[in-house]
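Q: Please take a close look at one loop part of this model. Start with its backbone, then follow the trail to the nucleic acid and the rest of the protein.

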Amino acid sequence: MARHWLMKSEPQECSIDDALAAPDATVPWTGVRNYQARNFMRDDMRVGDGVLFYHSSCPEPGIAGIAQVASACRPDPTQFERGSPYFDAAASPEKPRWLLVDVKAIQKTRLLSLAELRATPALADLLVLKKGSRLSITPVGDEHWRLIVDGLLAVARG
DNA sequence: GCCAACGTTGGC
DNA sequence: GCCAACGTTGGC
């Protein structure tokens, strides 16, 4: 059974528009440098899993689109790139430390802002809303997924 | 720029 | 293995 995820991206680096504009609307999810988030990709993600595309560290943080996991995990090449902000001297192609998956954007939605998410009691348990949560990848339960996606699509339909 | 919260590092 | 110091995240 497919799971669902919320994945944070800084729109400055890769927004939902950037993802949609990429070939096949697919981008490699580079830069994850947290073991818990990496392990989600390694152990729990499956191709086809639903993704809430979240914009973070920006003027209007929130869910900006819907995407899906489009590949199995593989080594993140940026860990080997000297000079990259994601370079990791402890990693080598023989012993990669960091992984990525491809993410395929499905559609841009209205911005479901962080404030709006917080104001929705039924979403109180959404992991990304938990105090102090900094994980860039978090699982999203079926109920939460349905609530959010249905709400977004209902509005998108007008 | 501030700062709360969390993760990582490294000395012991 | 403990834990203080430091670094990072990310909203505000």
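A: Aspartate 24 is found in the loop that joins helix H2 (16-21) to S2. The model is predicted. Aspartate 24 is not a glycine, yet its phi is positive, about 60°. Most residues other than glycine have a negative phi. Is aspartate 24 buried or exposed? Aspartate 24 counts as exposed because its relative accessibility is 58%, and the cut-off for exposed is over 50%.

Serine 57 is another residue to check. Its phi is also positive, near 50°, and serine 57 is not a glycine either. Serine 57 sits in the loop between strand S3 (50-55) and strand S4 (62-69). With a relative accessible area of 55%, serine 57 is exposed. That accessibility is computed on the protein chains only.

What does serine 57 face? Serine 57 is one of the residues around DNA strand C. A backbone N or O atom of serine 57 lies 2.9 Å from a phosphate oxygen of that strand. The contact is made by the backbone of serine 57, whereas lysine 8 and tyrosine 54 use their side chains. For lysine 8, a polar side-chain atom is 2.8 Å from a phosphate oxygen of DNA strand C. For tyrosine 54, the corresponding distance to a phosphate oxygen of DNA strand C is 3.0 Å.

The list of residues around DNA strand C is completed by Ser56, Pro61, Leu114 and Arg134. By class, the surface near this strand has three nonpolar, two polar and two charged residues. On the DNA side, 79% of the strand C atoms within 4 Å of the protein belong to sugar or phosphate, and the rest to bases.

Arg134 leads on to the other strand. Around DNA strand B are Tyr35, Lys131, Gly132 and Arg134. Of the strand B atoms that come within 4 Å of the protein, 72% are sugar and phosphate. Lysine 131 has a side-chain N or O atom 2.8 Å from a phosphate oxygen of DNA strand B. Arginine 134 contacts a base instead: one of its polar side-chain atoms is 2.6 Å from a base oxygen of DNA strand B. The residues near DNA strand B divide into one nonpolar, one polar and two charged.

Now go back to lysine 8. Besides contacting DNA strand C, Lys8 is among the residues nearest the centre of the largest pocket, with Thr30, Gly31, Val32 and Tyr86. In total, 19 residues line this pocket. Its volume is about 480 Å³. Strand S1 (4-9), helix H1 (11-14) and strand S2 (26-28) each give two or more residues to the lining. The lining holds seven nonpolar, seven polar and five charged residues.

Last, the cysteines. How many disulfides are there? The count comes to zero. A disulfide is a covalent bond between the sulfur atoms of two cysteines. The cut-off here is 2.5 Å between sulfurs. Cysteine 14 is unpaired because its closest cysteine sulfur, in cysteine 58, is 13 Å away, too far for a bond. Cysteine 58 is likewise in no disulfide. Cysteine 14 counts as buried, at 17% relative accessibility. Aspartate 24 and serine 57, by contrast, are both exposed.

Definitions and conventions
Residues numbered from 1 in each chain as written. Chains lettered and ligands numbered in written order. Predicted model: local features only at pLDDT ≥ 70, side-chain atom pairs only at ≥ 80, totals over all residues. Heavy atoms only, no water. Near = heavy atom within 4 Å. Polar contact = N/O pair within 3.5 Å; in protein donor to acceptor, adjacent residues only side chain to side chain. Nonpolar A, V, L, I, M, F, W, Y, C, P; charged D, E, K, R; others polar. Buried < 20%, exposed > 50% of the residue type's maximum accessible area, 1.4 Å probe, protein only. 1 Å grid on protein atoms, 1.4 Å probe; cavity = no way out; pocket = protein on both sides within 12 Å on 5 of 7 lines; lining within 4 Å. Points joined across faces, edges and corners; volume = space filled by probe spheres on them. Helix = DSSP H or I, 4+ residues; strand = E, 2+ residues; numbered from the N terminus.
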